[in-house]
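Biologist: I would like to learn how to read a structure like this one. Can we go through some features together?

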Amino acid sequence: MTIAPSLDVDSLQAVSTHRDLDRAARRVLVTNWRTRATVPAAKLYPHQWSWDSAFIAIGLRHLSPTRAQQELESLFGAQWRDGRVPHIVFDPGVAMDAYFPGPGFWRSGSSNAAAVPTSGIVQPPAHALAAWAAYRADPAVARIRGFLPRMYPKLARWHHYLLTQRDLGGAGLASIVHPWESGMDNSPAWDAPLSRIEPMPLGSFTRRDLAHAPAAERPTDLDYGRYIRLASDYRDAGYTDSPSVHAFAIEDPMYNALLIAGEHVLADIAAAIGRDPAPHRATAARLTSNLMNRLYDPAAGMFFPRDVQTGEVVRSWSVTGLMPLIVPGLPVARDLVTTALNNRFRLREACPLPSYDLTAPDYDPSHYWRGPGWVNTSWLFWHGLRLHGETTLADDLRARLLQRVHETGFREYVDPLTGAGHGSDGFSWTAALTLDLIRAA
Amino acid sequence: MIRISCQEQLLPGETLQDKWEFAQRAGYDAIEVRGRGDFAFRDRLPELRRAARDGVPMPSVCVEMLHFFGAFDADLRRDAVAQMKSQLSVIAEIGGPGAVACTPASYGMFSRRLPPFEPPRSEQDDRAVLIEGLTELGEHAAREGVVLALEPLNRYEDHMVNRIEQAVELIDTVGLPSIKVLADTYHMNIEEDEPTSALVMAAAHLGHVQVSDSNRLQPGAGHLDWAALLGTLDAIGYSGHLAVECRLRGEPVTAVAGIPALLRRHSVGVAA
């Protein structure tokens, strides 16, 4: 005779909590859905953002596999002729001045075949991961829609742009040319390279971000003036990529780690549709070697960005340096985990994973990318932990992330020690990745 | 866990008890009965009472008439109101607490998309008629402890209430909690910018849901995104039935038996 296992109260409670959280997460995603894509947040971010859509698709696939595919198709429908995927695709139905810098600033013209107004910079390439996740949620539906055969050449062109036009250091890594391209807009890692940039005069533009969030949590006016300078110089150079155009050029660990993970996935996608996966595997191996040689500091057990203009490493302990954990076969995975466990990031307690060194004098738990934690970088680290067999740490991080979101809501970013929520509420990728974490059990 | 009911005419069997036997085996949770005019529904009371006593759950009635409370003709309007009041009373007796009686504003009476395009009654007068009818029916529903569900129909079937937000606006104007919105996935697919967004906006007013695919056939036969629809209904806390009201493609018994599995396969809630 068998004895039925007894269900303890804690696990029953967790199931009930997760069910409510799952419903609430889906409410955010349906509320922020705009017919073919999802806005990151209804007020602060009223258009489609590139890497947001990737993380959103990873969760949206649990609500609707079709929508997850549409999310990515909508973004790549505005892909530029040169292969770049713009960081914002503007919704023509939203007022031109609802977001700054808007379409009038970027003047993307006919840079994409559809002539959809977009920005001219890019964001981290999490899209191949998202496409594969969307496909796997319902392969039958994806096959009917021809999803992978349609997405594969677009994803390949996107990566090709980054691997060629953006290899500004000539060392076989992609460079970002604006802090916004890192996704971690205001990270202290960009302070030194950014300080060389002459800011645009304050009166020459009007910020829109301050209407939706306290100024103390947003970038300063001086930094904003530098952001606008970099963006307008790039625009005025016709968005051509060369070291002479880009006063700011950085080889960023997370950016390149996503590119490498993406190449691994492109190999899987290629194989699934009868194309040759080998070139993607070779690219991934080459980039991993470059990443190790250029950006890894063995003594620190950490990856650091490299400033292409000066050739110097930027020794800033920001979360970007932990993100290469998502690279399959990374030879220093265990060292990175050790670094994440130490006082700077306190993996076992801090949640979400802090965006910046908890022990740094300028650590600020409420300031945009200067301390608080984001669910997307935490999700990536969780994904990396699972990839490298660190299942106990992964399960623990997952449980605490879900608890955090349950207590704080679907905020844009969170104080990793107190759990105080910041930025936008009803933030799409927080909701989407919550759905994914719930269903990863 | 979603709850699915099936309209009685789609189920094989002579009696409601036979139909329920079949429905249960196919995975349905209830039967939606149909209410004909001339007090035919009231006249079925002995049959309905026997079925209820035998445990057949019948939480809703869908009206089956050709004139409704928004009719141009005053006599037809009066009759429609009398019929609906009777149906509300009958479903209160056999349907249990929270039972639902469904009605559109009109059906097949006028379409602004078909000649002669301009209806014989002004929009203002349409509205007055609808509010008067809803008030009388809503008050009766409240007395009976049941819900009147107002169903928007697509533009070719009704010229007054096509979208969920129009129904919500009328219900808010009348101000009776006994009147709710009926969301029908087929009509929504034609009329709403985005059906799931309409559901989110109407969440507090949603009283009943009828399901059929984009082509009016059984769920799965058309192109509706069932995962998104069912995931949204669960997310906004809708706990009523999904009543299957459709035409059937293929062998009817097989077709109707396959619907619960299709819907449950695309229901995205986290299991208890």
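Modeller: We will take the chain contact, then helices, then sheets. Keep in mind that this is a predicted model.

Biologist: Start with the contact between the chains. How many residues does each chain give?

Modeller: The size of an interface is often given as the accessible area lost when the parts come together. Here we count residues instead. Chain A supplies 18 residues to the contact and chain B supplies 16 residues. On the side of chain A that touches chain B, the elements giving two or more residues are helix 1 (9-31), helix 2 (50-63) and helix 3 (65-76) of chain A. Helix 1 of chain A gives the most, with nine residues.

Biologist: What is the make-up by class of the side of chain A that touches chain B?

Modeller: Six residues there are nonpolar, six are polar and six are charged.

Biologist: Next, helix packing. How do I describe a pair?

Modeller: Two packed helices are described by the angle between their axes and the distance between the axes. Take helix 13 (residues 375-387) and helix 15 (residues 428-438) of chain A: their axes come within 9 Å and cross at roughly 30°. Angles under 35 degrees count as roughly parallel. That makes helix 13 of chain A roughly parallel to helix 15 of chain A.

Biologist: Which residues make the contact between helix 13 and helix 15 of chain A?

Modeller: Helix 13 of chain A uses Val375(A), Asn376(A) and Trp379(A). Helix 15 of chain A uses Trp429(A), Thr430(A) and Leu433(A). By class, the contact has four nonpolar residues, two polar and no charged.

Biologist: Now a single helix. How does the span of helix 9 of chain A agree with its 16 residues?

Modeller: Use 1.5 Å a residue. The 16 residues of helix 9 of chain A should span 22 Å, and the end C-alpha atoms are 22 Å apart, which agrees.

Biologist: Which residues of helix 9 of chain A are buried?

Modeller: They are Tyr224(A), Arg226(A), Tyr227(A), Ile228(A), Leu230(A), Ala231(A) and Tyr234(A). Their cover includes helix 8 (191-195) of chain A.

Biologist: And Asp236(A): buried or exposed?

Modeller: Asp236(A) belongs to helix 9 (residues 221-236) of chain A. A residue is exposed if 12 or fewer other C-beta atoms lie within 10 Å of its own. Asp236(A) has 10, so it is exposed. Just after helix 9 of chain A, Gly238(A) takes a positive phi of about 70°.

Biologist: On to sheets. What should I look for?

Modeller: Strands of a sheet pair through backbone hydrogen bonds, either parallel or antiparallel. Chain A has an open sheet of three strands, order 3-4-7, with antiparallel pairing. Strand 3 (175-176) and strand 7 (306-307) of chain A stand at the edges, each with a single partner strand, so one side of each has no neighbour in the sheet. Two bridges pair strand 3 of chain A with strand 4 (residues 250-251) of chain A. Ser175(A) is opposite Glu251(A) there.

Biologist: In what order do the strands of the chain B barrel close?

Modeller: Eight strands of chain B close in the order 1-2-3-4-5-6-7-8, with parallel pairing. The twist averages 30° from one strand to the next.

Biologist: What surrounds strand 3 of chain B?

Modeller: Four of the five residues of strand 3 (residues 60-64) of chain B are buried, so this strand is largely enclosed by the rest of the structure. Five bridges join strand 3 of chain B to strand 2 (residues 30-36) of chain B. Three bridges pair strand 3 of chain B with strand 4 (residues 100-104) of chain B. Ser60(B) stands opposite Glu32(B) and has Val100(B) as its bridge partner in strand 4 of chain B.

Terms used: Residues are numbered from 1 along each chain as its sequence is written. Chains are lettered from A and ligands numbered from 1 in the order in which they are written. This is a predicted model: local features need pLDDT of at least 70, side-chain atom pairs count only at pLDDT 80 or more; totals for chains, interfaces and linings use all residues. Two residues are in contact if their C-beta atoms, placed from the backbone, lie within 7 Å. Ala, Val, Leu, Ile, Met, Phe, Trp, Tyr, Cys and Pro count as nonpolar, Asp, Glu, Lys and Arg as charged, and the others, Gly among them, as polar. Axes are lines fitted to C-alpha atoms, for helices over the stretch in contact, and angles run from 0 to 180 degrees between N-to-C directions. Angles under 35 degrees count as roughly parallel, over 145 as roughly antiparallel, 65 to 115 as roughly perpendicular and the rest as oblique. A residue is buried if 20 or more other C-beta atoms lie within 10 Å of its own, exposed if 12 or fewer, and partly exposed in between; C-beta atoms are placed from the backbone. Two strands pair if DSSP finds at least two bridges between them. The expected span of a helix is 1.5 Å times one less than its number of residues.
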